[in-house]
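Visitor: I am new to this structure and would be grateful for a close look at a single part of it. Please take one strand and describe its surroundings in a connected account.

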Amino acid sequence: MNINSAQGDAIETLLRQMGASDIVKVRGFLYFMKFKLNDKIEISYSYNINTQNKYFLQRIKPYPIPQGVFCDEYEIVSFIKKDLLKFNNAMNSSNFNLFIDVTKKVNSITSKMEDLFLNNNVDKEELIILNNELDIILNEIDFAKSNSKKL
């Protein structure tokens, strides 16, 4: 058994104890895990162990977002535990479904921009307009954050 596989197995055990309902291991280096928060909400993650024995984690559901590189399995478990607590709390908001919808739209921008630019000869003025509109959205997010109560 190699070190990567043993470390992966340790994380799998800890995540199952936290309530992971499904964990799929691909060759001992790539893992997928799901947590059902209720009948409608599922949070899923994927992580892989790279050649430097570092762990790259990303959340897949309810929307995909990279979470970063972690040094060991305990950092992964700690991050997921905190993340699940935040989602359990956020589900109590009457705005939760709207938050998910908005986040999915924002998340789709990267692939749409890539498709636009890599497959079309986009006029510079169009890119400037898009950049300015995105600046407005980012400023609105900052404004909302500064005017919201911290949890």
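Guide: In this predicted model, the hairpin of strands β3 and β4 has 5 residues between the strands, and Asn-53 takes a positive phi near 55 degrees there. The two strands of this hairpin run antiparallel and are joined by 6 bridges. Within the pairing, Ile-49 stands opposite Tyr-55 of β4.

Strand β3 also has a partner in β2. These strands pair in the antiparallel sense, over 7 bridges, and they too form a hairpin, with 5 residues between them. One of the matched positions joins Phe-32 to its bridge partner in β3, Ser-46.

The burial of the strand comes next. Of the 8 residues of β3, 7 are buried, so the strand is largely enclosed by the rest of the structure.

Aromatic side chains add a further contact between β2 and β3. The structure holds 8 aromatic pairs. One of them is formed by Phe-35 and Tyr-45: the ring centres are 6.0 Å apart and the planes stand at 80 degrees, so this pair is edge-to-face. Phe-35 belongs to strand β2 (residues 30-36) and Tyr-45 to strand β3 (residues 42-49), which places the two 10 residues apart in the chain. Phe-35 and Tyr-45 are both buried.

Strand β3 is thus joined by bridges to β2 and to β4, and its residue Tyr-45 pairs with Phe-35 of β2.

Notes:
Residues are numbered from 1 along each chain as its sequence is written. This is a predicted model: local features need pLDDT of at least 70, side-chain atom pairs count only at pLDDT 80 or more; totals for chains, interfaces and linings use all residues. Side-chain values use heavy atoms; hydrogens and water are left out. Rings of Phe, Tyr and Trp (its six-membered ring) pair if their centres lie within 6.5 Å; planes under 30 degrees apart count as stacked, over 60 as edge-to-face and the rest as tilted. Helices (H or I, at least four residues) and strands (E, at least two) are DSSP runs, numbered from the N terminus. Buried means under 20% relative accessible area, exposed over 50%, partly exposed in between (1.4 Å probe, protein chains only). Two strands pair if DSSP finds at least two bridges between them.
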